[in-house]
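Open the model in your viewer and switch to a cartoon view. The stops below go from the sheet to the surface and then to the whole chain.

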Amino acid sequence: MSFNYVKLYYGPCASHHSVIHKPQKLKGLRDCLHKLGYRVDLVPVEHINYCVLVMCGLEVFRCNIQNLKFNMHYTLCPVSQRALQAVIDSSAKLQRARSYLWFWQLLEDQLFKRNEYLPKDYWPSKLEIKPFSSCVDCVNCCGILAN
């Protein structure tokens, strides 16, 4: 699923003694998202006064559809501006999370481990360490009794 894909679930708006779906309330937000390169699908649902923006299966913004202005540009509606900012922020966070997970998947796949085709590791592999002496040797040498 693309990060530039937004599903906009909206319910019927209860106003002026009628309850009907009004996609015109989402016109400014939808047009602005189209200009920024997002693909927007409007999905009508049966919940009254409901508006949710979903990206990659995650809810990024929720509001009452009555708070959106009817058939207005997004700059004239503060709720649309907040929804737009939430979409932009969440797409940046999702891209960051994808690259982070991709990098850690590379590490898990052992692409960075040394093998016979990579340059030699010049760290000394065999260190010459004398074995520890016994307690008797320590008493004879230093005169310290160790338990």
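Two strands count as paired if DSSP finds at least two bridges between them. The model is predicted.

Start by selecting residues 5-10, strand β1, together with β4. Six bridges join these two strands, which run parallel. For one rung of the ladder, pick Tyr9: its bridge partner in β4 is Val43.

Next, add β5 and β6 to the selection. The result is an open sheet of four strands in the order β4-β1-β5-β6, with mixed pairing. Look at the edges, which are β4 (39-44) and β6 (58-63): each has a single partner strand, so one side of each is left without a neighbour in the sheet. From one strand to the next, the twist averages 20°.

Now select residues 27-35, helix α1. This helix packs on the sheet and touches β1, β4 and β5 (51-55). Compare the direction of α1 with that of β4: the angle is about 155°.

Move on to helix α2, residues 78-108, and find Leu101 within it. Is Leu101 buried or exposed? Its relative accessible area is 58%, and because exposed means over 50%, Leu101 is exposed. Show Tyr100, Trp102, Phe103 and Trp104 as well; with Leu101 they form a nonpolar patch on the surface, with about 610 Å² of accessible area together.

Finally, show the whole protein. It has three helices and six strands, in the pattern β-β-β-α-β-β-β-α-α along the sequence. Of the 147 residues, 27% are buried. The accessible surface comes to about 11200 Å², and 57% of that belongs to carbon and sulfur atoms.

Definitions and conventions:
Residues numbered from 1 in each chain as written. Predicted model: local features only at pLDDT ≥ 70, side-chain atom pairs only at ≥ 80, totals over all residues. Heavy atoms only, no water. Axes fitted to C-alpha atoms, helices over the stretch in contact; angles between N-to-C directions. Contact = heavy atoms within 4.5 Å. Patch = residues over 30% accessible without salt bridge, like charges linked within 9 Å, V, L, I, M, F, W, Y side chains within 5 Å. Areas by Shrake-Rupley, 256 points an atom, 1.4 Å probe, with all protein chains shown as cover. Salt bridge = Lys/Arg side-chain N within 4 Å of Asp/Glu carboxyl O. Buried < 20%, exposed > 50% of the residue type's maximum accessible area, 1.4 Å probe, protein only.
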